[in-house]
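Here is a short walk through one protein chain. Keep the sequence and the 3D view side by side as you read.

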Amino acid sequence: MAILAPAQSILQLFFLISLFHGSFASRKLTELVQVPQTQLLEYHNGPLLFGKTSINLIWYGKFKPSQRAIISDFITSLSSSSSQSQPSVATWWKTTEKYYLLANAKRPLSLYLGKQILDDSYSLGKSLTQKQLLQLASRGEQRYSINVVLTASDVSVDGFCMSRCGNHGSSMSALAKGKNYRFAYIWVGNSETQCPGYCAWPFHQPIYGPQTPPLGAPNNDLGLDAMVSNLASLLAGTATNPFGNGYYQGPAGAPLEAASACPGVYAKGAYPGYAGDLLVDPTTGASYNAYGANGRKYLLPALYNPSTSSCSTLV
């Protein structure tokens with residue numbers, strides 16, 4: 001597998017990451033065009049999220065009901081109890097269970113769709129800091145939950161489109177029954193109008209690296225379909241490295257995790273600039289690799305399989 005050296009050096013310049021309130025990992029374009037890594041992710045003996053856990057969605061800015069349904073159907077699809085054709089979102093998620101077996105965890109993480117909070121009045125403005133993202137994430141339930149902040153296409157966030165497309169992290173909850181608990185959160189931005197070439201590959205041509213034709217978005221919404229791909233990567237990272245001391249490779253401040261250890265891989269045959277040999281909808285021409293609830297189709301990143309020390313794809 002070959003990659004042009006100049007492109008690789010440019011990519012390294014963009015490998016930026018920050019730390020805030022404990023564990024903090026980002027999803028960015030550098031993941032989308034680098035050569036896949038195959039080293040085993042090391043377990044750092046920290047706790048993993050386990051058991052029945054709700055995904056609470058905090059919608060910041062204006063989203064159409066049809067757009068919200070794309071994300072909520074994806075969350076519903078993570079459960080094996082939902083009726084799905086194969087290859088399925090639920091099958092994709094099962095790869096994370098292998099990490100729990102290696103860690104001798106009590107039981108794997110079982111996700112379900114929790115509450116949805118709408119803030120279409122931009123209560124904190126249209127330019128957000130990391131501190132404000134945490135403020136939004138804190139609006140959801142903080143025990144047995146992962147709170148996901150989703151920002152609309154007209155909302156700018158510190159570092160968005162420059163060093164990240166989303167991130168996951170953790171923070172201490174408010175005092176409950178005399179105790180503070182650490183809770184996990186995720187943020188993903190809609191890059192459709194601000195930086196599709198940075199955060200929406202392979203549905204848009206990348207701003208640098210190999211230039212191949214963009215793929216059709218399976219739900220006919222470039223911004224939301226890219227958000228699903230980024231959210232999927234961050235969910236896998238949250239499950240297996242929720243507090244910065246779980247499974248990861250490299251420095252804790254810039255970790256490679258379950259999905260980011262397999263950059264740019266969506267199907268077998270992937271190479272830099274090519275997502276792999278994906279399924280194609282014969283009617284719309286859209287590319288996908290997973291079926292979801294309510295007849296949905298999604299494009300999900302490969303996950304590093306610790307049992308085989310390789311990137312695992314659905315197709």
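A residue is called buried when its relative accessible area is under 20%. Over 50% it is exposed, and in between it is partly exposed. The model is predicted.

Start with a pair that fits the first label. Arg296 and Asp73 are both buried. Their side chains meet in a salt bridge, with 2.9 Å from N to O. This pair links distant parts of the chain. Arg296 is in the loop between β13 (290-291) and β14 (297-298), while Asp73 belongs to helix α3 (residues 65-77). The two are 223 residues apart.

That salt bridge has company. Across the whole structure, a search finds six salt bridges. Another one joins the side chains of Glu141 and Lys115, at 3.2 Å from N to O. Glu141 sits in the loop between α6 (130-137) and β6 (145-151). Its partner, Lys115, is in strand β4 (residues 109-119), 26 residues apart from Glu141. Glu141 has a relative accessible area of 44%, so it is partly exposed.

Now go to Lys297, in strand β14. Its side chain meets that of Asp281 in a salt bridge of 3.4 Å, N to O. Asp281 lies in the loop between β11 (279-280) and β12 (287-288), and the partners are 16 residues apart. Asp281 counts as buried because its relative accessibility is 13%. Lys297 has a second contact. The charged end of Lys297 sits over the ring of Tyr288, 5.5 Å from the ring centre. There is a similar arrangement to look for elsewhere: Lys52 lies over the face of Tyr112, 5.2 Å from the ring centre.

Tyr288 leads on to the aromatic rings. A pair of rings is described by the distance of the centres and the angle of the planes. The whole structure holds eleven aromatic pairs, according to the search. In one of them, Tyr99 and Tyr247 meet edge-to-face. Their centres are 4.9 Å apart, and 75 degrees lie between the planes. Why does this pair tie together parts that are 148 residues apart in sequence? Tyr99 lies in helix α5 (residues 97-102), whereas Tyr247 lies in strand β10 (residues 247-248). Both partners fall under the 20% limit for buried: Tyr99 has 1% relative accessibility, and Tyr247 has 3%.

Tyr288 itself pairs with Tyr291, again edge-to-face, at 5.3 Å centre to centre and 70 degrees between the planes. Tyr288 is buried, at 5% relative accessibility. Tyr291 is partly exposed, at 21%. Return to Tyr99 and Tyr247 for one more ring. Ring pairs link Tyr43, Tyr99 and Tyr247 into a cluster.

Next, look for open space. The largest pocket holds about 320 Å³. Which residues come closest to its centre? They are Leu49, Arg143, Tyr144, Arg182 and Phe243, out of 17 that line the pocket. Strands β3 (51-60) and β9 (182-189) each supply at least two lining residues. By class, the lining has nine nonpolar, four polar and four charged residues.

Tyr144 deserves a second look. This residue is in the loop between α6 and β6. Its phi is near 55 degrees, a positive value in a residue other than glycine. Tyr144 is exposed, at 57% relative accessibility. Asn220 also has a positive phi, near 60 degrees, and is not glycine either. Asn220 lies in the loop between α7 and α8. At 72% relative accessibility, Asn220 counts as exposed.

The backbone has further details to find at two prolines. The peptide bond from Gln86 to Pro87 is cis, with omega near 0 degrees. Pro87 is in the loop between α3 and α4 (89-94). Is Pro87 buried or exposed? At 15% relative accessibility, Pro87 counts as buried. The C-alpha atoms of Pro87 and Asn289 are separated by 7.0 Å, although these residues are 202 apart along the chain. The bond from Trp201 to Pro202 is cis as well, with omega near 10 degrees. Pro202 is found in the loop between α7 (196-199) and α8 (222-240).

Technical notes:
Residues numbered from 1 in each chain as written. Predicted model: local features only at pLDDT ≥ 70, side-chain atom pairs only at ≥ 80, totals over all residues. Heavy atoms only, no water. Phe/Tyr/Trp six-rings, centres within 6.5 Å; stacked < 30°, edge-to-face > 60°. Helix = DSSP H or I, 4+ residues; strand = E, 2+ residues; numbered from the N terminus. Buried < 20%, exposed > 50% of the residue type's maximum accessible area, 1.4 Å probe, protein only. Lys NZ or Arg CZ within 6 Å of the ring centre and 35° of its normal. 1 Å grid on protein atoms, 1.4 Å probe; cavity = no way out; pocket = protein on both sides within 12 Å on 5 of 7 lines; lining within 4 Å. Points joined across faces, edges and corners; volume = space filled by probe spheres on them. Nonpolar A, V, L, I, M, F, W, Y, C, P; charged D, E, K, R; others polar. Salt bridge = Lys/Arg side-chain N within 4 Å of Asp/Glu carboxyl O.
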